[in-house]
Amino acid sequence: MYRFNSDYLEGAHPNIINRLVETNSIQTPGYGLDPISDSAKAKIRAACNAPDAKVYFMVGGTQVNYTVLDSILKRYEGVLAADTGHVAVHEAGAIEYSGHKVITIPESNGKVDCAVAKAYLERFYADGAWEHMVRPGAIYISHPSEYGTLYSKAELTALRSLCDNYGMRLFLDGARLGYALASDGSDLTLADIAALCDVFYIGGTKVGALFGEAVVFTNPHLGEAFFTEIKQHGALLAKGRLLGIQFDELFTDGLYVKIAGHAVKHAMQIKSELKAKGYRFYNDSYTNQLFPIISKQRLDSLKDQVILDDWGPYGDASDGMRIVRITTSWATTKEAVNTLLSLL
């Protein structure tokens, strides 16, 4: 049985496991205030070309999203997001639970389109009663998007300018950031992201770590008390070095992008061969997530050998066609890929 329904189904990269074992009996201060975590933060700052960035380690993506947004939004503000955005759909109302509304706008290939966001903001402030409404205080995006699509440098620059014009913050969810950085379809570097976003995070859980995300504040006016805010949100890991060790390994010798590239390479092979077989795709993704259109009959026939992610009907569904997500990971094997392609 091979699973292609997610990218965090395996444990962790062997380098991380080995490092955890090697350091297991070493005594260090808690809460990430240890030399290994300091080393990891320094490596991340260097990779981001942001020597003054504030870096914090947290356990998971939803934990990061609601803690960061609660930190950067004023009490009366909400966050603007695509209607397919993770904070709007798959986080069980965590952002609203913290007291901030997720304000959704129509997605554009899974992304926030700057023109659509600008039109919303213009309508909002043209409303004579806007002070009675939830004020947009930040824009949330994810790179790659929920549909595996990528922001270009031009698109991110435009969103940065829009946020500046309206006094808003720009927050990038990087749960799968490694797969974007490793993609030939992206012209955004980690340094570009650090320069254009107020805060973003580097996902580890889905890119080779056992668990963990690295939150990076590059806006000097944000994140000063984030350590305390992490604690307030019940998200401060006492054995913080377990996070630091993982990111110290991921940012040694380019391992983070290297293992993400392994996943993207396999995904592009699957994409190329399925296209050659005549399969259609819901969109054109250049990351580790692919969205072919497959009949329900074919999907059901595979379930005893490979597990794919059924994303719902394609079109009016009268012909039984489904949008299916195929996801590769840093640990996907050639054998698994060949088996999938043979079955399809």
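## A nonpolar patch at the surface

At 38% relative accessibility, L210 counts as partly exposed, because partly exposed residues fall between the cut-offs of under 20% for buried and over 50% for exposed. This value, like every other one in this report, comes from a predicted model. L210 sits in the loop that runs between β7 (199-203) and β8 (213-217), and together with I17 and V21 it makes up a nonpolar patch on the surface, whose accessible area adds up to about 250 Å².

## Salt bridges and the network around D248

The structure holds 16 salt bridges. One of them joins the side chains of R19 and D248, with a distance of 3.0 Å from N to O. R19 belongs to helix α1 (residues 14-22) and D248 to helix α11 (residues 241-250), so this pair ties together parts of the chain that are 229 residues apart in sequence. Both partners count as buried, R19 at 18% relative accessibility and D248 at 3% relative accessibility.

D248 also meets the side chain of K43 in a salt bridge, here with 3.1 Å from N to O. K43 lies in helix α2 (residues 35-48) while D248 lies in helix α11, and the contact therefore ties together parts that are 205 residues apart in sequence. K43 counts as partly exposed, with a relative accessibility of 26%.

A further salt bridge is formed by D310 and R322, whose closest N and O atoms are 3.2 Å apart. D310 is in strand β12 (residues 309-313) and R322 in strand β13 (residues 321-327), so the parts that this pair ties together are twelve residues apart in sequence. D310 is partly exposed, its relative accessible area being 35%. Elsewhere, salt bridges with shared partners join R19, K43, D248 and E249 into one network.

## The two largest pockets

The largest pocket encloses about 410 Å³ of space. Its lining is made up of 22 residues, and those that lie nearest the centre of this pocket are Y8, H86, E146, R176 and K206. Sorted by class, the lining of the largest pocket contains five nonpolar, ten polar and seven charged residues.

The second largest pocket holds about 160 Å³ of space. It is lined by 14 residues, among which Y2, R3, E10, T332 and A336 are the closest to its centre. By class, the lining of the second largest pocket comprises six nonpolar, six polar and two charged residues.

## The cavity

In addition to these pockets, the structure holds one cavity of 30 Å³ or more. The largest cavity has a volume of about 50 Å³, and the residues that line it are A82, T84, G85, G110, V112, Y140, I141, S142, E146 and Y151. Strand β5 (residues 135-142) gives the most to this lining, with three residues.

By class, the lining of the largest cavity has five nonpolar, four polar and one charged residues. E146 appears in this lining, and E146 is also one of the residues that lie nearest the centre of the largest pocket.

## Backbone features in the loops

The peptide bond that leads from H143 to P144 is cis, with an omega near 5°. P144 is found in the loop between β5 and α7 (153-166).

Two residues that are not glycine have a positive phi. For A92 the value is about 55°, and this residue lies in the loop between α4 (86-89) and α5 (94-97). A92 counts as exposed, because its relative accessibility is 83% and the cut-off for an exposed residue is over 50%. For N109, phi is near 55°, and N109 is placed in the loop between β4 (102-105) and α6 (114-126). At 41% relative accessibility, N109 counts as partly exposed.

Technical notes:
Residues are numbered from 1 along each chain as its sequence is written. This is a predicted model: local features need pLDDT of at least 70, side-chain atom pairs count only at pLDDT 80 or more; totals for chains, interfaces and linings use all residues. Side-chain values use heavy atoms; hydrogens and water are left out. On a 1 Å grid over the protein atoms alone, a cavity is a set of points where a 1.4 Å probe fits but cannot get out, and a pocket is an open set with protein on both sides within 12 Å along at least five of seven lines; lining residues have an atom within 4 Å of a point. Grid points are joined across faces, edges and corners, and a volume is the space filled by probe spheres set on the points. Ala, Val, Leu, Ile, Met, Phe, Trp, Tyr, Cys and Pro count as nonpolar, Asp, Glu, Lys and Arg as charged, and the others, Gly among them, as polar. A salt bridge is a side-chain nitrogen of Lys or Arg within 4 Å of a carboxyl oxygen of Asp or Glu. Helices (H or I, at least four residues) and strands (E, at least two) are DSSP runs, numbered from the N terminus. Buried means under 20% relative accessible area, exposed over 50%, partly exposed in between (1.4 Å probe, protein chains only). Patches are made of residues with over 30% relative accessible area and no salt bridge: like charges are joined within 9 Å, nonpolar side chains (Val, Leu, Ile, Met, Phe, Trp, Tyr) within 5 Å. Accessible areas come from the Shrake-Rupley method with a 1.4 Å probe; for residues, only the protein chains shown count as cover.
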